[in-house]
Amino acid sequence: MILEAKNVSKTFRSGGRGGLAVHAVKSANLTAARGEFVAIVGESGSGKSTLARMLLDLHPASEGTIFLRGVDVKSMSKNQRRDFRRTVQAVLQDPAGSLNPRKSVSQSIGEVIRLHKAANTKRDIRQKTLTALELVGLDPASHYLDRFPHELSGGQRQRVLIARAVALNPQIIIADEAVSALDASVKAGVLRVMADLQERLNVGYVFITHDLPVVKKVADYVHVMYRGEIVEHGPAQEIFQSPQHEYTATLLDATPSLDALDGAAPTAPGASAT
Ligand SMILES: Nc1ncnc2c1ncn2[C@@H]1O[C@H](COP(=O)(O)OP(=O)(O)OP(=O)(O)O)[C@@H](O)[C@H]1O
Ligand SMILES: [Mg+2]
């Protein structure tokens with residue numbers, strides 16, 4: 001077991017003390033481990049991103065604790081925190097801010113490699129960058145090094161974001177709506193890349209989405225959030241076959257068919273990325 005949220009809550013207060021309280025997450029429990037695809041699903045505003053931000057130690061929890069390998073993130077030493085920042089990586093939906101528009105692919109990836117001291121010499125940094133790009137199916141990797149974000153498709157940009165995370169040898173990747181904005185076939189390609197990294201590098205995922213067909217396709221374990229609470233959790237198969245909570249049943253009823261995803265051409269690393 002690697003990353004754990006234990007009874008974490010997050011309350012936002014508007015207008016300072018005494019202001020209106022929003023209980024974005026209420027006493028949530030979740031564990032993520034290497035090699036496992038854990039999904040968080042739920043409607044908009046149910047608290048998914050807030051929980052993700054606490055898992056990434058971007059928001060402190062109002063209550064409860066985030067542990068990495070049993071160590072409370074709040075009491076981590078400088079070295080442990082550095083290890084946390086490298087071990088637990090985020091891949092977010094491709095918002096304009098995730099990749100600097102003025103930096104080439106090699107600059108964007110090289111920068112985090114240098115920052116985290118994952119490699120030191122120019123040559124090693126370049127090699128690590130190329131390997132990461134190959135791992136996400138951007139092949140030949142050298143063709144992408146000098147490109148800028150606007151010279152890439154949405155799917156390619158998302159792959160670069162994943163490559164940037166992967167360059168640091170993470171154990172867990174927290175992906176918040178990482179494929180939600182992509183077309184079905186492009187989405188299938190990026191999901192294939194993520195599954196491939198799970199297999200080859202034993203990366204674990206906390207995969208956040210409101211897209212149930214995607215969850216059905218990739219998740220091992222599912223947490224269903226509703227109004228800040230995890231109302232149901234369990235192995236994906238069980239959740240999909242016999243949802244226990246009324247909200248989950250409603251959610252599943254509203255799920256479109258999987259045809260669009262299943263019909264999409266697979267994109268293995270090495271195949272061309274769209
Ligand atoms: N920084 C903040 N300050 C105040 N309220 C916030 C803040 N961040 C989130 N919230 C509130 O917390 C609740 C949960 O938001 P969150 O972003 O976690 O939902 P979500 O499940 O990720 O939704 P979506 O699917 O739309 O991304 C919402 O009511 C939101 O308005
Ligand atoms: Mg969100």
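How do the residues of the lining of the second largest pocket divide into nonpolar, polar and charged? They divide into 2 nonpolar, 4 polar and 4 charged, where Ala, Val, Leu, Ile, Met, Phe, Trp, Tyr, Cys and Pro count as nonpolar, Asp, Glu, Lys and Arg as charged, and the others, Gly among them, as polar. This is a predicted model, in which local features need pLDDT of at least 70 and side-chain atom pairs count only at pLDDT 80 or more, while totals for chains, interfaces and linings use all residues. Residues are numbered from 1 along each chain as its sequence is written, chains are lettered from A and ligands numbered from 1 in the order in which they are written, and side-chain values use heavy atoms, with hydrogens and water left out.

**Pockets**

- The largest pocket (on a 1 Å grid over the protein atoms alone, an open set of points where a 1.4 Å probe fits, with protein on both sides within 12 Å along at least five of seven lines) has a volume of about 450 Å³, taken as the space filled by probe spheres set on the points.
- Its lining (residues with an atom within 4 Å of a point) comprises 17 residues, of which Arg-85, Val-88, Gln-89, Ala-90 and Arg-164 lie nearest the centre.
- Strand β6 (88-92), α3 and α5 each supply at least two lining residues of the largest pocket, and β6 gives the largest share, 5 residues; helices (H or I, at least four residues) and strands (E, at least two) are DSSP runs, numbered from the N terminus.
- The lining of the largest pocket divides into 11 nonpolar, 3 polar and 3 charged residues.
- The second largest pocket holds about 200 Å³ of space, and its lining includes Ser-106, Arg-114, Lys-122, Arg-126 and Asp-146.

**Nonpolar cores**

- The largest nonpolar core (buried Ala, Val, Leu, Ile, Met, Phe, Trp, Tyr and Cys residues joined through side-chain atoms within 4.5 Å, buried meaning under 20% relative accessible area with a 1.4 Å probe, protein chains only) has 41 residues, of which Ile-109, Leu-133, Val-160, Ile-162, Met-194, Leu-197 and Phe-207 touch the most other members.
- Apart from this core lies another, of 26 residues, among them Ile-2, Val-8, Ile-40 and Val-73.

**Hairpin**

- Strands β9 (residues 221-226) and β10 (residues 229-235) pair in the antiparallel sense over 6 bridges, pairing being assigned if DSSP finds at least two bridges between two strands.
- Met-225 has Ile-230 in β10 as its bridge partner, and Arg-227, in this hairpin with 2 residues between the strands, takes a positive phi near 50°.

Technical notes. Buried < 20%, exposed > 50% of the residue type's maximum accessible area, 1.4 Å probe, protein only.
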